Amino acid sequence: HVQLAESGGGSVQAGGSLTLSCSASGNTRGPHCMAWFRQAPGKGREGIAAKSINGGRMIVASPWYADSVKGRFFISRDNAKNTVDLQMNNLKPEDTAMYYCGADRECTILNGILAYGSTASWGQGTQVTVSS
């Protein structure tokens with residue numbers, strides 16, 4: 001099992017940038033699909049970016065991005081820090097949400113929707129607020 005902890009959230013004006021980090025501990029050596037999700041007030045959790053680590057299964061090419069963030073957000077792995085980071089550029093007010101990091105041996109992307117099975121690990125989330 002993997003333990004996850006997000007950091008890097010905060011408040012920023014529209015057009016600004018933030019970098020979120022997901023620190024992983026525990027059984028991190030195996031294959032994983034690492035992903036970032038977000039949940040805005042009153043809305044469901046939305047998968048926005050995913051990356052295969054050590055051969056973690058993804059049905060589509062890694063990395064994957066939701067249309068809503070494509071070209072603005074970038075997911076990467078920092079091997080030295082054992083983190084998976086999310087660089088967020090040109091932030092918009094509609095990006096305001098709680099951001100969560102997830103991990104599982106595989107993830108699915110179907111009709112543009114990213115999902116995990118019931119065995120996924122989750123962090124506690126970090127808040128991102130973008131003001132206009």
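## Threonine 96 and its surroundings

A polar atom in the side chain of threonine 96 lies 2.9 Å from the backbone nitrogen of valine 130. This comes from a predicted model. The side chain of threonine 96 also reaches the backbone oxygen of proline 93, again at 2.9 Å. Threonine 96 itself sits in the loop between β9 and β10.

Which residues does threonine 96 contact, once neighbours within four places in sequence are left aside? They are Ala40, Gln127, Val128, Thr129 and Val130.

## The four-stranded sheet

One open sheet has four strands in the order β1-β3-β9-β8, with antiparallel pairing. Its edge strands are β1 and β8 (73–78), and each of them pairs on one side only. On average, neighbouring strands of this sheet are turned by 20° against each other, direction ignored.

The pairings can be followed across the sheet. Strand β1 (residues 2–7) pairs with β3 in the antiparallel sense over six bridges. Alanine 5 has serine 23 in β3 as its bridge partner. Next, β3 is joined to strand β9 (residues 83–88) by six bridges, and the two run antiparallel. Here cysteine 22 has valine 84 in β9 as its bridge partner. Last come β8 and β9, paired in the antiparallel sense over six bridges. Isoleucine 75 is matched with its bridge partner leucine 86 in β9.

## Strand β4 and its partners

How many of the eight residues of β4 are buried? Seven are, and the strand is mostly covered. β4 pairs with strand β5 (residues 46–53) through seven bridges, and the two strands run antiparallel. Phenylalanine 37 stands opposite glycine 47 in β5. The hairpin of β4 and β5 has six residues between the strands. In this hairpin, glycine 42 takes a positive phi near 80°.

Seven bridges also join β4 to β10, and this pairing is antiparallel too. Cysteine 33 stands opposite aspartate 104 in β10.

## The disulfide between β3 and β10

A disulfide is a covalent bond between the sulfur atoms of two cysteines. With sulfur atoms within 2.5 Å counted as a disulfide, the model has two disulfides. Counting the bonded cysteines along the chain, the pattern is 1-3, 2-4.

Cysteine 22 and cysteine 101 form one of the disulfides, with their sulfur atoms 2.0 Å apart. The torsion about their S-S bond is about -75°, so this disulfide is left-handed. Cysteine 22 lies in strand β3 (residues 18–26) and cysteine 101 in strand β10 (residues 97–104), so the bond ties together parts that are 79 residues apart in sequence. Are these cysteines buried or exposed? Buried means under 20% relative accessible area. Cysteine 22 has 1% relative accessibility, so it counts as buried. Cysteine 101 is also at 1% and therefore counts as buried.

## The disulfide between β4 and β11

Cysteine 33 is joined to cysteine 107 by a disulfide, S to S 2.0 Å. Why is this disulfide right-handed? The torsion about the S-S bond of cysteine 33 and cysteine 107 is about 65°, and therefore the disulfide has that hand. Cysteine 33 belongs to strand β4 (residues 32–39) and cysteine 107 to strand β11 (residues 106–110), so the pair ties together parts that are 74 residues apart in sequence. Both cysteine 33 and cysteine 107 are buried.

## The nonpolar core

The largest nonpolar core has 39 residues. Which of them touch the most other members? Trp36, Ile48, Leu86, Met88 and Tyr99 do. β4 supplies the largest share of this core, five residues.

Tyrosine 99 has a long list of contacts outside its neighbours within four places in sequence. Among them are Trp36, Ile48, Leu86 and Met88. Its other contacts include Glu6, Leu20, Phe37, Arg38 and Phe73. Gly125, Thr126 and Val128 are in contact with tyrosine 99 as well.

Key. Residues are numbered from 1 along each chain as its sequence is written. This is a predicted model: local features need pLDDT of at least 70, side-chain atom pairs count only at pLDDT 80 or more; totals for chains, interfaces and linings use all residues. Side-chain values use heavy atoms; hydrogens and water are left out. Buried means under 20% relative accessible area, exposed over 50%, partly exposed in between (1.4 Å probe, protein chains only). A nonpolar core is a set of buried Ala, Val, Leu, Ile, Met, Phe, Trp, Tyr and Cys residues joined through side-chain atoms within 4.5 Å. Contact means heavy atoms within 4.5 Å. Two strands pair if DSSP finds at least two bridges between them. A polar contact is a pair of N or O atoms within 3.5 Å; within protein, one must be able to donate a hydrogen and the other to accept it, and residues adjacent in sequence count only if both atoms are side-chain atoms. Axes are lines fitted to C-alpha atoms, for helices over the stretch in contact, and angles run from 0 to 180 degrees between N-to-C directions.
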